[in-house]
Structures are given as C-alpha cells and as structure tokens.
Amino acid sequence: MNAPQPSSKPAPLAYPHGLRDAAVWVFDLDNTLYHHSACLFDQIDVLMKAYIARLLDLPEDEAFKVQKQYFRDYGTSLRGLMNRHHIDPHDFLDFVHDIDLSVIGPDPRLGRALAALPGRKIIFTNADEAHAARILDRLGIGDHFEAVFDIFAADFVPKPDPAIYDALIRRHGISPTRAVMVEDMARNLIPAHALGMTTLWIDTGSDFGRDGHHPDYIHHATDDLSAWLAAMVGDAVGG
C-alpha cells in the first residue's frame, strides 16, 4: 500500500494514519520544536565556521568549506573534527551553542498540545543535552519530555546512521511500530520508516531539509509543528 502523500496543512482529522495507537513520540530538536523562522541554526553555523577558522588557522571562507565537507563526509562537522583533529567535543559544543536564544520564547499552544498528546515523549538530537535543555526552557515545554537522547548518548555517531536508531530503541524500550518520529531533515526519517515508525516531516522550505525526501517514507508533513499538533489533538488545547 502506498503511503499517503505529505501535506503542509494541519491534519484534518484527529489521530490520522499511524498516530492513534502511538505509545512514543520521538522529536528532533532544532528547527522542529521551534519554528525555523527563528534562524537559530544560522547563528550556530557562524560559530562553527569561526571555531574551525581558529582551530586550523584558516580564513573564514576556507573554514566554511571544511565545515561543510566534514558534514558531508562524517554526518556532523563535530564528528569530522573529532576524527581528523582530535578535538574535545565539549569545547566545540559549548562554543557553537553560545547563541542568542531571545529569538524564541514560550509556546503555550505547543505545551498544551504536548500535554494533551497521549504517549511518552523523547528528544532525539544531534546536539547535546545542555543545548536541548536551554531550548526546552525557552519554549516552556521541558516538563513534557522524559528523556533526551543526544550526541553523547549516540557516542558521537549522528542521525541518520541506522545503528543509532537501534540504540535509541534499546535504551528507551521503544516499539517502533507504535512510535512516531518528528524531524525537519527528511533523510533522517528514512531509518525511522525502515524500522516501522510513523513519520512526520517538518518542512522548513530549505533544500537541505528536503534532501532525501520521498513520499514513500513521509506519512505526514507540516511547516508548523505547534499548529499541526494543536489541530490533531483538537482545540481542547485552545488557540
């Protein structure tokens, strides 16, 4: 049976395909739980470039090329820097996550939707837990999540490596066929779908986020998670 075609509109019916029996919701962090228009990753991108320029004594344009090459070759720039230059990951992550979070604020609608959403909620991110905690605190939704599976828990192997999805499932006792994964990078949903998870893609409008997109493994899509969840649980959560 062909998977439903994705739509950027909120789901018209409560608990559509694959969601009614979900026992676990697995959420990405950046550009997923907050709207991509905040451009937080633009700040992180600038700091990664600056870190590499300083580390390798390169002009920033050359450092940017290294940054993106490592991302393509290793899955994250961090993993490339660790493998090639033996950097301390704590030092890198502290530096690149020292960003201005004032561009995001509390999202009461998302908080109410998460509270109304049955099932466990877990963060699955290529960032670290400290960064996740700051984001969740700014959004006012930290109490809704039981755990953060971060890049340290993944032993610095990033999504979409299938082995890390297996590690997440084992650590948190997840039954994939009763789980939903929510993610802004389409390619990161491929292993989730292969395991039997229902998938929700957050379309940020970027080519980077769309890379690897195919309707066969995207069950649902939206460009606004907060609105989509609120519509799905019904506006018992309010406006």
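This is a short chat about the fold, the pockets and a few residues of a predicted model.

Colleague: What kind of model is this, and how are residues numbered?
Modeller: Residues are numbered from 1 along each chain as its sequence is written, and side-chain values use heavy atoms, with hydrogens and water left out. The model is predicted, so to speak of local features a pLDDT of at least 70 is needed, side-chain atom pairs count only at pLDDT 80 or more, and totals for chains, interfaces and linings use all residues.

Colleague: How many helices and strands are there?
Modeller: The protein chain has 10 helices and 6 strands. Both are DSSP runs numbered from the N terminus: helices are H or I with at least four residues, strands are E with at least two.

Colleague: What is the radius of gyration of the chain?
Modeller: It is 18 Å, which agrees with the value near 18 Å for a compact globule of 239 residues. The radius is taken over C-alpha atoms, and the globule rule is 2.2 Å times the number of residues to the power 0.38. Along its principal axes the C-alpha trace spans about 55 × 40 × 30 Å.

Colleague: How much of the chain counts as buried?
Modeller: Of the 239 residues, 50% do. Buried means under 20% relative accessible area, exposed means over 50%, and partly exposed is in between, with a 1.4 Å probe and protein chains only.

Colleague: And what area does the chain expose?
Modeller: About 11,000 Å², of which carbon and sulfur atoms supply 51%. Accessible areas come from the Shrake-Rupley method with a 1.4 Å probe; for residues, only the protein chains shown count as cover.

Colleague: What share of contacts joins residues 24 or more positions apart?
Modeller: Such pairs make up 68% of the contacts with a separation of 6 or more. Contact means heavy atoms within 4.5 Å.

Colleague: Now pockets. What is the volume of the largest pocket?
Modeller: About 860 Å³. A pocket is found on a 1 Å grid over the protein atoms alone: it is an open set of points where a 1.4 Å probe fits, with protein on both sides within 12 Å along at least five of seven lines, and lining residues have an atom within 4 Å of a point. Grid points are joined across faces, edges and corners, and the volume is the space filled by probe spheres set on the points.

Colleague: Which residues lie nearest its centre?
Modeller: Asn-31, Phe-41, Phe-71, Met-185 and Phe-208, out of 37 lining residues. By class the lining has 13 nonpolar, 13 polar and 11 charged residues. Ala, Val, Leu, Ile, Met, Phe, Trp, Tyr, Cys and Pro count as nonpolar, Asp, Glu, Lys and Arg as charged, and the others, Gly among them, as polar.

Colleague: Which helix gives the most to that lining?
Modeller: H1, with 6 residues. Helices H1 (40-56), H2 (60-74), H3 (77-85), H4 (89-96) and H9 (207-210) each supply at least two.

Colleague: What about the second largest pocket?
Modeller: The second largest pocket has a volume of about 180 Å³. It is lined by 17 residues, and Leu-33, Tyr-34, His-35, Asp-107 and Ser-226 are the closest to its centre. Its lining has 7 nonpolar, 6 polar and 4 charged residues.

Colleague: Different topic. Where is the cis peptide bond from Lys-159 to Pro-160?
Modeller: Pro-160 lies in the loop between E3 and H7, and omega of the bond is near 10°. Most residues other than glycine have a negative phi, and most peptide bonds are trans.

Colleague: Which phi values are positive in that loop?
Modeller: Asp-155, in the loop between E3 and H7, has a phi of about 55°. Phe-156 is placed in that loop too, and its phi is near 65°.

Colleague: Are those two buried or exposed?
Modeller: Asp-155 is exposed because its relative accessible area is 58%. Phe-156 is buried, with 16%.

Colleague: And Pro-158, buried or exposed?
Modeller: Pro-158 counts as buried, at 3% relative accessibility. Setting aside residues up to four places away in sequence, Pro-158 touches Tyr-74, Gly-75, Thr-76, Arg-79, Asn-126, Ile-151 and Ile-164.

Colleague: What does Asn-188 contact?
Modeller: Beyond neighbours within four places in sequence, Asn-188 is in contact with Lys-159, Pro-160, Tyr-165, Met-181 and Glu-183. Asn-188 sits in the loop between strand E4 (179-183) and helix H8 (189-195), and counts as buried at 2% relative accessibility.
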